[in-house]
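Welcome, and please take a look at the chain shown here. A short tour of its strands, surface and cysteines comes after it.

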Amino acid sequence: MSGFICQPLQPEQAATVFPLIREALPGLDLKTWLRFAHRIAQPRRPGQSGIIVVHRRPRPLPCGVFTWRCEHDLVHGEILIAEHFVAVDLLDPAPVMAALVAELDLLARRLGCTAIRTVVPGQGALAITRLHAAGHRHEGEMLWKVVPKAEDTPHAAGRS
């Protein structure tokens, strides 16, 4: 995508994308984000996880982001898992999301992945539209359940 630059987020830049991530995860606090971002952007094994940011030329501030990690899938082998897609632009976020989706394909190829699994929770209509346009298809259903902490369950007080 001309006009955009996509690049890995450096750990020391993690705070600059916090306002974007808050668009996807409104309840997230800065401390939790920084801890997560430093861990994923500096993995123990390079090429296993990271954060991609996009910005418009010549503007230095990011206007899009997604997180990624590689995993081994029983059917597909090495796959790229991408989450937390955010594209923000005052006039039109669609080109920002298109740049992120294009970078997703390039990243998968660079990492030798045979498939991409994208996770787009809740309000991700723009991401879903762009991912469909790029050839991503519905593979199944992802279900989610928050497991309460033991002390939050009614019978937790009686346990030893």
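The notes below go through a strand pair, a surface patch and the cysteines of this predicted model.

## A parallel strand pair

Let's begin with strands β4 and β5. β4 covers residues 77-87 and β5 covers residues 115-118; the two run parallel and are joined by four bridges. Within this pairing, L80 sits opposite I116 of β5.

To get from β4 to β5, the chain passes through helix α3, residues 94-111. This β-α-β crossover is right-handed.

## A nonpolar patch on the surface

Next, have a look at M142, W144 and V146. Together they make a nonpolar surface patch of about 440 Å².

W144 belongs to the segment after α4 (125-133). Its relative accessibility is 74%, so W144 counts as exposed.

## Cysteines without disulfides

How many disulfides does the model contain? The count comes to zero. C6, for one, is in no disulfide: the nearest cysteine sulfur belongs to C63 and is 8.6 Å away. C6 counts as partly exposed because its relative accessibility is 22%.

Why is there no bond between C70 and C113? A disulfide needs cysteine sulfur atoms within 2.5 Å, and the closest cysteine sulfur to that of C70, the one in C113, is 3.8 Å away, which is too far for a bond. As for its surroundings, C70 has a relative accessible area of 9% and is therefore buried.

Conventions: Residues are numbered from 1 along each chain as its sequence is written. This is a predicted model: local features need pLDDT of at least 70, side-chain atom pairs count only at pLDDT 80 or more; totals for chains, interfaces and linings use all residues. Side-chain values use heavy atoms; hydrogens and water are left out. Two strands pair if DSSP finds at least two bridges between them. A crossover is right-handed if, with the strands pointing away from the viewer, the path from the first strand over the helix to the second runs clockwise. Patches are made of residues with over 30% relative accessible area and no salt bridge: like charges are joined within 9 Å, nonpolar side chains (Val, Leu, Ile, Met, Phe, Trp, Tyr) within 5 Å. Accessible areas come from the Shrake-Rupley method with a 1.4 Å probe; for residues, only the protein chains shown count as cover. A salt bridge is a side-chain nitrogen of Lys or Arg within 4 Å of a carboxyl oxygen of Asp or Glu. Buried means under 20% relative accessible area, exposed over 50%, partly exposed in between (1.4 Å probe, protein chains only).
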